[in-house]
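Biologist: I have not seen this structure before. Could you take me through it, one question at a time?

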Amino acid sequence: MKGIFITIEGPDGAGKTTVVKELNKMLVETSKMEVVVTREPGGIPISEKIRQIILDPENTEMDERTEALLYAAARRQHLVEKVLPALKEEKLVLCDRFIDSSVAYQGAARGIGEKEVYELNQFAIEGHLPDLTLYLDVPSEVGLERINKGRKAEELDRLDKEALPFHQKVRQSYLTLLKENPERIVLVDAKEDIEKVVKNCYDLIKEKYPAIF
């Protein structure tokens with residue numbers, strides 16, 4: 001048995017963090033594999049420090065390409081220090097965001113170019129794509145409404161504060177990635193109640209990897 005790398009993707013307000021948390025509980029209880037939960041940017045000390053720089057609302061002068069490079073740098077360190085060792089030990093890695101986020105946010109929404117950002121990140125990941133990506137889809141208006149209702153003003157990061165057109169570009173890019181990678185990316189309707197979203201994600205994992213249960 002080899003390790004399994006599963007990522008959870010989606011626009012802001014899709015509920016990724018909650019889904020990852022609840023999925024982890026279910027997988028720990030029912031899966032034969034040890035589960036490692038992590039996030040991007042972050043997951044390890046170096047990458048968490050880069051995360052603070054990227055998401056700090058005060059860093060308004062950050063150039064788009066600088067932002068993309070910082071994400072790629074955080075991703076590289078996280079991959080070699082945490083993800084790959086866990087996969088080598090035949091664990092199931094459940095990660096909140098990965099390369100698709102960079103393609104959608106920096107490539108599409110920032111206007112750098114989706115192909116360009118993907119190629120930049122290939123240098124960082126050396127072909128190590130997820131085995132399965134669950135894309136939590138929610139209309140941009142709904143996602144922003146959830147963010148504004150669920151977080152205080154001081155809790156909003158640089159990306160949360162972007163206007164609606166930015167978030168619409170992010171979602172459209174995700175939907176394009178979904179069409180281009182049907183063997184890896186699966187859509188999950190995130191407008192549903194969070195309990196149903198979690199169950200749907202769990203069922204998809206169980207369907208794809210029945211041998212680990």
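The talk below goes from the whole chain to single residues.

Biologist: What kind of model is this, and how many helices and strands does the protein chain have?
Modeller: This is a predicted model. From the N terminus on, the elements run β-α-β-α-α-β-α-α-β-α-α-β-α. The count for the protein chain is 8 helices and 5 strands.

Biologist: Why is the chain called as compact as a globular protein of that length?
Modeller: The globule rule gives 17 Å for 213 residues. The protein chain comes close to that, so it is as compact as a globular protein of that length. Its radius of gyration is 16 Å.

Biologist: What does the C-alpha trace span along its principal axes?
Modeller: Three values describe the trace, one for each principal axis. The spans are about 50 × 35 × 35 Å.

Biologist: What share of the contacts with a separation of 6 or more comes from residues 24 or more positions apart?
Modeller: Burial first: buried residues make up 50% of the 213 residues. As for the contacts with a separation of 6 or more, residues 24 or more positions apart account for 78%.

Biologist: Is strand β3 enclosed or open, and why?
Modeller: Take the two faces of β3. L92, L94 and D96 are buried on one side, and V93 and C95 are buried on the other. That makes 5 of the 5 residues buried, so β3 is largely enclosed by the rest of the structure.

Biologist: Which residue of β3 is the bridge partner of F5?
Modeller: Strand β1, residues 4-9, runs parallel to β3, and 5 bridges join them. Strand β2, residues 35-39, also runs parallel to β3 with 5 bridges. V36 stands opposite V93. The partner of F5 in β3 is V93.

Biologist: Which element gives the largest share of the largest nonpolar core?
Modeller: That core has 25 residues, and I6, L23, L92, L94, L136, C201 and I205 touch the most other members. β1, α1, β3, β4 and α8 each supply at least two residues. The largest share is 5 residues, and it comes from α8.

Biologist: How many residues are in the other core?
Modeller: This core lies apart from the largest one. I54, L55, Y135 and L177 are among its members. Its count is 18 residues.

Biologist: Does the length of helix α7 agree with its residue count, and what is the distance between its end C-alpha atoms?
Modeller: Helix α7 covers residues 164-180, which is 17 residues. At 1.5 Å a residue, α7 should span 24 Å. Its buried residues include F166, H167 and V170. The end C-alpha atoms agree with the expected span, at 25 Å apart.

Biologist: Is S47 buried or exposed?
Modeller: S47 sits in helix α2, residues 45-55. Beyond four places in sequence, S47 touches P41, G42, A74, Q77 and H78. Its relative accessibility is 0%, and the cut-off for buried is under 20%. So S47 counts as buried.

Biologist: And Q77: what is its relative accessible area?
Modeller: Q77 belongs to helix α3, residues 64-88. Beyond four places in sequence, Q77 touches I44, I46, S47 and K82. Q77 is partly exposed, with a relative accessible area of 26%.

Biologist: How far apart in space are Q77 and A124?
Modeller: In sequence, Q77 and A124 are 47 residues apart. In space, C-alpha to C-alpha, the distance between Q77 and A124 is 8.5 Å.

Methods
Residues are numbered from 1 along each chain as its sequence is written. This is a predicted model: local features need pLDDT of at least 70, side-chain atom pairs count only at pLDDT 80 or more; totals for chains, interfaces and linings use all residues. Side-chain values use heavy atoms; hydrogens and water are left out. Helices (H or I, at least four residues) and strands (E, at least two) are DSSP runs, numbered from the N terminus. The expected span of a helix is 1.5 Å times one less than its number of residues. Buried means under 20% relative accessible area, exposed over 50%, partly exposed in between (1.4 Å probe, protein chains only). Two strands pair if DSSP finds at least two bridges between them. The radius of gyration is taken over C-alpha atoms; the globule rule is 2.2 Å times the number of residues to the power 0.38. Contact means heavy atoms within 4.5 Å. A nonpolar core is a set of buried Ala, Val, Leu, Ile, Met, Phe, Trp, Tyr and Cys residues joined through side-chain atoms within 4.5 Å.
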